[in-house]
Amino acid sequence: MATSVFTADDFRSMLRADGITLVDFWGAWCAPCLTFTPIFEDASERHTDVTFATVDTQTEVTLASELAISGVPTVRGYRDGVQVLDYSGPMTPAMIDSVLDQMRALDMDDVIARAVAREPLPAVRPMVL
């Protein structure tokens, strides 16, 4: 599956959709972002059950500000519209695989109950296996 380019409207629509989405917030001026792009693209080809999207923080300034994106690249992961990953910095292929395995394994009934109760959500963290 190819990587999609998200606008603010696309992002808001994704929050109402089921499934897993990884979003790479990046900037064209950012060397680590440019290095990470092919890794993110390759992951999108390997994980066809996941939506991979990018948000150009220079184009979508308001969205980046609303989401408090303070550095790039930042990768955010969402499952069924709930944010379960916030990682700053480029990721390796193994790190992406790790977070996706963790996201797939989440009990979303538990995650949603915790979110409603304003309790801490289960931690999804990049780990190299």
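Where do Asp110 and Arg114 lie, and how many residues apart are they? I began my reading of this predicted model with that pair, and I found that Asp110 and Arg114 both lie in helix 5, which spans residues 108-116, with their positions four residues apart in the numbering sense of being four residues apart, about one turn of the helix.

**Entry 1: the pair in helix 5**

I looked up how the two side chains meet, and Asp110 and Arg114 form a salt bridge with an N to O distance of 3.1 Å. I then checked accessibility: Asp110 has a relative accessibility of 30% and counts as partly exposed, and Arg114, at 28%, counts as partly exposed.

**Entry 2: Arg104 and its partners**

I next asked how many salt bridges the model holds by the rule used here, and the count comes to seven. Among them is the one between Arg104 and Asp49, whose closest N and O atoms are 2.9 Å apart. Arg104 belongs to helix 4 while Asp49 sits in the loop between helix 2 and strand 3 (50-56), so this salt bridge ties together parts that are 55 residues apart in sequence.

Arg104 also forms a salt bridge with Asp101, and there the closest N and O atoms are 3.4 Å apart. Both Asp101 and Arg104 lie in helix 4, three residues apart, which is about one turn of the helix. I noted Arg104 as partly exposed at 31% relative accessibility, and Asp101 as partly exposed with a relative accessible area of 43%.

**Entry 3: helix 2 against helix 4**

I then turned to the helices themselves, and found that the axes of helix 2 (residues 31-46) and helix 4 (residues 93-105) come within 10 Å and cross at roughly 45 degrees. That angle makes helix 2 oblique to helix 4, and the crossing in which helix 2 passes helix 4 is right-handed.

Which residues make the contact? From helix 2 I listed Phe36, Ile39, Phe40, Ala43 and Arg46, and from helix 4 Pro93, Ile96 and Asp97. Sorted by class, this contact of helix 2 with helix 4 has six nonpolar residues, no polar ones and two charged ones. Following the charged residues, I found that Arg46 and Asp97 are linked with Asp42 in a network of salt bridges.

**Entry 4: Phe40**

Is Phe40, a residue of helix 2, buried or exposed? Its relative accessible area is 1%, and Phe40 is therefore buried, the cut-off being under 20%. Leaving out residues up to four places away in sequence, I recorded that Phe40 touches Thr3, Leu22, Val23, Asp24, Phe52, Ala53, Thr54 and Ile96. For one of these, Val23, I also looked up the separation: Phe40 and Val23 are 17 residues apart in sequence and 9.6 Å apart in space, taken from C-alpha to C-alpha.

**Entry 5: Gly19**

I went on to Gly19, which lies in the loop between helix 1 (8-14) and strand 2 (20-26) and which counts as partly exposed at 28% relative accessibility. Setting aside neighbours within four places in sequence, I found Gly19 in contact with Tyr78, Arg79 and Asp80. The C-alpha atoms of Gly19 and Asp49 are separated by 8.2 Å, although the two residues are 30 residues apart along the chain.

**Entry 6: backbone details**

Asp80, one of the contacts of Gly19, led me to the backbone angles. Its phi is near 55 degrees, a positive value in a residue other than glycine. Asp80 is placed in the loop between strand 4 and strand 5 (82-88), and with a relative accessible area of 27% it is partly exposed.

Arg118 also has a positive phi in a residue other than glycine, near 60 degrees. I located Arg118 in the segment after helix 5, where at 78% relative accessibility it counts as exposed.

Which residues does a cis peptide bond join? I found this bond between Val72 and Pro73, with omega about -5 degrees, and I placed Pro73 in the loop between helix 3 (61-66) and strand 4 (74-79).

Methods:
Residues numbered from 1 in each chain as written. Predicted model: local features only at pLDDT ≥ 70, side-chain atom pairs only at ≥ 80, totals over all residues. Heavy atoms only, no water. Axes fitted to C-alpha atoms, helices over the stretch in contact; angles between N-to-C directions. Helix = DSSP H or I, 4+ residues; strand = E, 2+ residues; numbered from the N terminus. Parallel < 35°, antiparallel > 145°, perpendicular 65-115°, else oblique. Left-handed = near helix turned anticlockwise from the far one by under 90°. Contact = heavy atoms within 4.5 Å. Nonpolar A, V, L, I, M, F, W, Y, C, P; charged D, E, K, R; others polar. Salt bridge = Lys/Arg side-chain N within 4 Å of Asp/Glu carboxyl O. Buried < 20%, exposed > 50% of the residue type's maximum accessible area, 1.4 Å probe, protein only.
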